[in-house]
Amino acid sequence: MISFTVNGQDHRFEGDGDTPLLWVIRDSVGLTGTKFGCGAALCGACTVHVDGQPTRACVTPIESIEGQTVTTIEGVAGPVATAVQKAWNDLEVVQCGYCQSGQIMSAIALLSETPKPNDEDINAGMSGNICRCATYVRIRAAIHRASETLEG
Amino acid sequence: MTTELLNPSRRGFLQTAAVAGVGLVVGFHWSVKSTKALAATTGGQPLSMAFVRIAPNNTVTVIAKHLEMGQGIYTGLATILAEELDADWTQVKTEAAPADSALYGNHAFGGTVQGTGGSTAISNSFDELRQAGATAKAMLVAAAAQRWSVPVAEITVAKGVVTHAASKRHSSFGDLAEEAAKQTPPKTVTLKDPKDYTLIGTRLSRVDTADKTNGKAIFTIDIKQPGQLTALLKRPDRFGGKVKSFDATAAEAIPGVRHVVAVPQGVAVVADNFWAAKKGRDVLNVTWDDSTAEKRGTAELLKEYTALANTQGFPARTDGDAIAALSKSKNIIERSFEFPYLAHAPMEPMDCVVQITKSGCEIWTGDQFQTADQGNIMRLLGLPQDQVKINTLYAGGSFGRRANMNSDFIMEAVEITRAVGGEQPVKLMWTREDDIKGGYYRPMYVHKLSATLDKNGMPAAWRHRVVGQPIMIKPTDKGVDRGMMEGSTSLAYDIPNLAVEQHMTTVGVPVLWWRSVGHTHNAYSTEVFMDDLAAAAGRDPVDYRRALLQKQPRLLAVLNLVAEKAEWGKPLPKGRGRGVAVHEAFKSFAAQVAEVTVAEDGSVTVDRVVCVIDCGLPINPDVIKAQVEGSV
């Protein structure tokens, strides 16, 4: 049995330890904001935070997060998350929207580490997140916007 | 302007009904089939064939017959209707329409298929949604006039509020909804003069932005019905392969695996959840019968295509006599192009939830061709239309992949659900590997272009051969396949002798329209070749195109504007250059200038792209901008 928290709630998983965190979140915990895109850590649609670190849930075995803290798009909170989601709304970033939970989770992690990212920082922090609608122009602008908001 | 609503030859008739607790429902019927649909919905039952619903809680729900797959169509459709209704944008919601070609057929597809594609959603909805909005508004006004005992002409509507200024009375739409539903619908409505638009042409927020920013938006993959199982399908390694035999022992030993079933498309592992289904499929042993499968590889196909490109093809467009002009010329410019098969690769791999019960079949999917899929399910299961219910969800991208007259992944899901038996819902999921390997690609093509110039350096003859699989007709059919030839046959340049030739090939690789379809490869090859001709003539690429587009005002306008905005001709640093392209596709006219740096090691960086687009009346300029940004 593996114990961990998701968005502040305690959870226990009794299935196979090799089950990826993504499928525990989606099929057992029942939160669907975290998406499946590739199953191979190539697209970033499944990005969540594990102990605050951006993590590709699709290749993270549940046994590796024993005792850790998982945050999904449904559980993000705080000034950085608020600034990022507001910027995403204000700049109308989304198109199909399927990758955007992962994009936002990566953006929150980036801004938490690097409050004033330049374009290279954004490229480095977001390069693992693919958007097939190619909303990249607006993602970059929204991260800059959120950074400015947080600066006050 | 006034529009006649009750034109039986085209418009059918208008239906409204009052429904307790639902409020005002307005819909239009566009074909004779609607008589039957209407009969089924009178008698106080909620209507399902409406374009708008106004509830007592003051929400305006616009019923969207088109799939939202990222392109912003829910926002566009809602804007058109809300404009004529004079709704407040904050009260507007959207909801997917059920599958019903009589009510929701795409007029650009002849009205017989409900579906989204070919850049038709806004244009084919524009009239009907404006009329629906104007009719609903007229009925709200009539209800207010009756309640307040004042003339209709004294009532105004703005931002979701109905007002009688003289008596200082006003009311919300929601407050009037039930009384409005009892009004007799007007025979004609007056539509706004475009100069009075307050929503169309403005930057309204997308209706789906908030839910796609907080994880609440529901896609097919997120559907979970009670008792639902998850299926993964093992498909043949070669296209056209069939199941010879399979050994389910190892798969069935995986905890959570409930069924291993053969279907015409392969062998499915059906389990309690995705991971069990995946592990089961990983250990499933299937022996395939490849006797009728496609066995040629890319190299072999390329050789065949290249040989065909050197022979005369079916004349898809003939102006003058290019063949004679070329045969007489001693100075022929030529270039060949090879385009690979391309997967659509939307972020959300194909998926579909199916439930088959005694009362029919219900599916949940990001459905792009609702009534084509409905028809295929009806034929497969022997069900009448009213027993096949389609729930259309947001699609995590499509790029054409979810619009398939064969309903490929939907048929797989229905076959698997039927094979499992019982009434449990089954969700079929494709993995990314399934998506890349599973077919329905933009076809592979070989192009060969040949031209000769006149004494002034302008094209005297142009021949364009396209070799590959057709998309919209069979390779054995006579005629031109628009899906492979559009963009080549529609060449807009003024060239006296033009021969566009088609070679359709028969290959066992499933192909499909892929974002902008034939234009993807034809715009590329024709525009690169136009640069070749300009270079051979020693002419500037923009000036050269201008000279050939004098009879094409909209193309000329976007070309001129893009040259201006991109500062065409302004000197650039060493290693940096500009390229231009201009093309018309699906009634939109676009031109781009790219600034590109080629480093000493040969690597290429795109520094800047300027795009100008003329797509007609812009409903939401910001959504159009987003589409352009994503397409560059």
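**Reading chain A and its contact with chain B**

In this predicted model, buried residues make up 55% of the 152 residues in chain A.

Student: Which dimensions does the C-alpha trace of chain A have along its principal axes?

Tutor: The spans are about 45 × 30 × 25 Å. A second way to judge chain A is its radius of gyration: a compact globule of 152 residues would have a value near 15 Å, and chain A has 15 Å, so the two agree.

Student: How many helices and strands are there in chain A, and in what order do the elements run from the N terminus?

Tutor: Chain A holds 5 helices and 5 strands. Starting at the N terminus, the order is β-β-α-β-β-β-α-α-α-α.

Student: How do strands of a sheet pair, and what is the order of the strands in the sheet of chain A?

Tutor: In general, strands of a sheet pair through backbone hydrogen bonds, and the pairing is either parallel or antiparallel. In chain A, an open sheet of 5 strands has the order β2-β1-β5-β3-β4, and its pairing is mixed. The strands β2 (9-13) and β4 (53-56) of chain A stand at the edges; each has a single partner strand, so one side of each lacks a neighbour in the sheet. On average, neighbouring strands of this sheet are turned by 40° against each other, direction ignored.

Student: Do β1 and β2 of chain A run parallel or antiparallel, and how many bridges join them?

Tutor: Strand β1 (residues 2-6) of chain A runs antiparallel to β2(A), and 5 bridges join the two. One pair to locate in the structure is A:Val6 with its bridge partner A:Gln9 in β2(A).

Student: Which strands does helix α1 of chain A lie across, and which does helix α3 of chain A lie across?

Tutor: Helix α1 (residues 21-29) of chain A lies across β1, β2, β3 (47-50) and β5 (69-71) of chain A, and runs at about 105° to β2(A). Helix α3 (residues 100-113) of chain A lies across β3 and β4 of chain A, at about 40° to β3(A).

Student: What share of the contacts in chain A between residues at least 6 apart in sequence joins residues at least 24 apart?

Tutor: That share is 63%.

Student: How many residues of chain B are in contact with chain A, and which element supplies the largest share of that side?

Tutor: In chain B, 33 residues are in contact with 32 residues of chain A. On this side of chain B, α7 (274-282) and α17 (621-631) each supply at least two residues. The largest share, 4 residues, comes from α17(B). By class, the side of chain B that touches chain A has 13 nonpolar, 11 polar and 9 charged residues.

Terms used: Residues numbered from 1 in each chain as written. Chains lettered and ligands numbered in written order. Predicted model: local features only at pLDDT ≥ 70, side-chain atom pairs only at ≥ 80, totals over all residues. Contact = placed C-beta atoms within 7 Å. Nonpolar A, V, L, I, M, F, W, Y, C, P; charged D, E, K, R; others polar. Pairing = 2+ DSSP bridges. Axes fitted to C-alpha atoms, helices over the stretch in contact; angles between N-to-C directions. Rg over C-alpha atoms; globule rule 2.2 N^0.38 Å. Buried ≥ 20, exposed ≤ 12 C-beta atoms within 10 Å, placed from the backbone.
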